[in-house]
Amino acid sequence: GTDRSVSLVDVARAAFNRDSESTAGTRGLSAQAEYVARGKTFANGCHVCEVEVDIETGNVEIIGFTVVDDIGSVLNPLLAEGQVHGGLAQGIGQALYEACVYDEDTGQLLSGSFMDYCMPHALDLPAFTVRFSGVPCTTNPLGVKGVGEAGVTGAPPAVVSAVVDALREFGVQHIDMPVTAEKVWRAIRC
C-alpha cells in the first residue's frame, strides 16, 4: 500500500507517451466491460398544457406548459432539460401543425419539403417549466432512467386534451391531430 495518487489525466498521458510501452508492447488505454440489467427501467412524468383558443378563427395558442418528469438520477440537468425542451417542441408540432398531405388523385406527397410541411417555430412555443423528481432507478448502478423521449410522448395528449377542454362548452369531445385552426373552427360550428 501507498498513499501516492495519480490523476486519470496523468495515467492517460503516460499510456500514450511515445517512450512508454505496456507489458503487451502497445501504447494506450483499453478496457472492456459487460453489464446486464437486473430489470427494466421506466421513466414517467406529468405534462400540463394551458391553451387559449380564438373562437372566431380557431387559432390555438399555448400559453403555458409544465412538465415534471422522473428520469431517475439526473446526471446533467442542463442536458436533460434540453432533451425535454426538444421533445416538447416535436410533440407540440405533431399535435398542432405537422401532417403528411397527399394529392387525392395521384397519391403525390404534397408536403414533401420544409416549405410545405408546417413545423413549430420558437415564436409558436411558450417558455416551458421543466422539473425532475429524480427518484433513482434500482435496476442500474447509475440510478438513471430514459429522458430522450420524455417530452415528445407527453406533449401531444396534453395539448389535444387542453384544446378539447377549452372547447367543452361547444360540445366538443374529440379532435384529431393536427389540431389546426380550421379543424377547431369547424368543431365549434358543427
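1. A good place to start is helix H3, residues 150–166: its 17 residues reach 25 Å from the first C-alpha to the last, close to the 24 Å expected at 1.5 Å a residue. That expected span is 1.5 Å times one less than the number of residues. Helices here are DSSP runs of H or I with at least four residues, and strands are runs of E with at least two, numbered from the N terminus.

2. Before going further, please keep in mind that this is a predicted model, where local features need pLDDT of at least 70 and side-chain atom pairs count only at pLDDT 80 or more, while totals for chains, interfaces and linings use all residues. Residues are numbered from 1 along each chain as its sequence is written, and side-chain values use heavy atoms, with hydrogens and water left out.

3. H3 is mostly covered, with twelve of its 17 residues buried. Buried means under 20% relative accessible area, exposed means over 50%, and partly exposed lies in between (1.4 Å probe, protein chains only). Among the buried residues of H3 are Gly151, Val152, Pro156, Val160 and Val164. The buried residues pack against strands S1 (44–53) and S2 (60–70) and helices H2 (77–96) and H4 (181–189); contact means heavy atoms within 4.5 Å.

4. Now for the sheet. Three strands form an open sheet in the order S1-S2-S3, with mixed pairing. S1 and strand S3 (128–132) stand at the edges with a single partner strand each, so one side of each has no neighbour in the sheet. The twist averages 10° from one strand to the next. Two strands count as paired if DSSP finds at least two bridges between them.

5. S1 and S2 run antiparallel and are joined by ten bridges; Val48 has Thr66 in S2 as its bridge partner. The two strands form a hairpin with six residues between them, and Gly58 in the turn has a positive phi of about 85°. For context, most residues other than glycine have a negative phi.

6. On the other side of the pairing, S2 and S3 run parallel and are joined by five bridges. Thr66 stands opposite Thr129 in S3, and Val68 stands opposite Arg131 in S3.

7. The connection is worth tracing on screen: the chain crosses from S2 through H2 to S3 in a right-handed β-α-β crossover. Right-handed means that, with the strands pointing away from the viewer, the path from the first strand over the helix to the second runs clockwise. H2 lies across S1, S2 and S3, running at about 130° to S3. Axes are lines fitted to C-alpha atoms, for helices over the stretch in contact, and angles run from 0 to 180 degrees between N-to-C directions.

8. Glu81 lies in helix H2 and is partly exposed, with a relative accessible area of 28%. Glu81 touches Val130 and Phe132, not counting residues up to four places away in sequence.

9. How many aromatic pairs does a search of the whole structure find? The search finds one. The ring centres of Phe65 and Phe128 are 6.1 Å apart and the planes stand at 90°, so the pair is edge-to-face. Rings of Phe, Tyr and Trp (its six-membered ring) pair if their centres lie within 6.5 Å, with planes under 30 degrees apart counted as stacked, over 60 as edge-to-face and the rest as tilted. Phe65 and Phe128 are both buried.

10. Finally, a backbone detail: the peptide bond from Met177 to Pro178 is cis, with omega near -10°. Pro178 sits in the loop between H3 and H4.
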